[in-house]
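Reader: I am new to this structure and would like to be led through it step by step. Could you begin with the terms I will need?

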Amino acid sequence: MDYTIINNEKDKRFELHLDGYVAFEQYALFEGGISYLHTDVPKELEGKGIASAIPKYILDYAENNNLKVKPYCPYIKAYIDKHQEYQANSVFHNPELANLE
């Protein structure tokens, strides 16, 4: 299923609104990159593929905007662990980016 995810720059989070609930990924910017801090999916939205849609969207967003990723959120880090295509852009996965830690 395709979901619309918005960048709420005021609250520094990517949001997915569905059925009156909001799933989100909290973030912080750093020079040259973006840190992903916390994923929250309300219980009412579980089982709808949202927990996969958000990481894919935010990691593609980072790559498309030339932002290196610091996945402090354990869920996002685990997603990158399983999806090799995002590892080159992750400070925690790519030794060549270690100077950004």
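Author: Strands here are DSSP runs of E with at least two residues, numbered from the N terminus, and two strands pair if DSSP finds at least two bridges between them. Please keep in mind that this is a predicted model.

Reader: Which residue in β4 does Phe30 stand opposite?

Author: The two strands to look at are β3, residues 21-30, and β4, residues 33-40, which pair in the antiparallel sense over seven bridges. They form a hairpin with two residues between them, and in that turn Gly32 has a positive phi of about 85 degrees. Across from Phe30, on β4, stands Gly33.

Reader: What is the bridge partner of Glu15 in β3?

Author: Strand β2, residues 13-18, runs antiparallel to β3 and is joined to it by six bridges. In the hairpin of these strands, which has two residues between them, Asp19 takes a positive phi near 55 degrees. The partner of Glu15 stands opposite Asp40 in β4, and that partner in β3 is Phe24.

Reader: Which strands stand at the edges of the sheet?

Author: Five strands form an open sheet with mixed pairing, in the order β1-β2-β3-β4-β5. Each edge strand has a single partner, so one side of it is left without a neighbour in the sheet; these strands are β1 (5-8) and β5 (68-71).

Reader: What angle does the direction of helix α2 make with that of β5?

Author: Helix α2, residues 74-82, packs on the sheet, where it touches β3, β4 and β5. Taken between N-to-C directions, the angle with β5 is about 120 degrees.

Key: Residues are numbered from 1 along each chain as its sequence is written. This is a predicted model: local features need pLDDT of at least 70, side-chain atom pairs count only at pLDDT 80 or more; totals for chains, interfaces and linings use all residues. Side-chain values use heavy atoms; hydrogens and water are left out. Helices (H or I, at least four residues) and strands (E, at least two) are DSSP runs, numbered from the N terminus. Contact means heavy atoms within 4.5 Å. Axes are lines fitted to C-alpha atoms, for helices over the stretch in contact, and angles run from 0 to 180 degrees between N-to-C directions.
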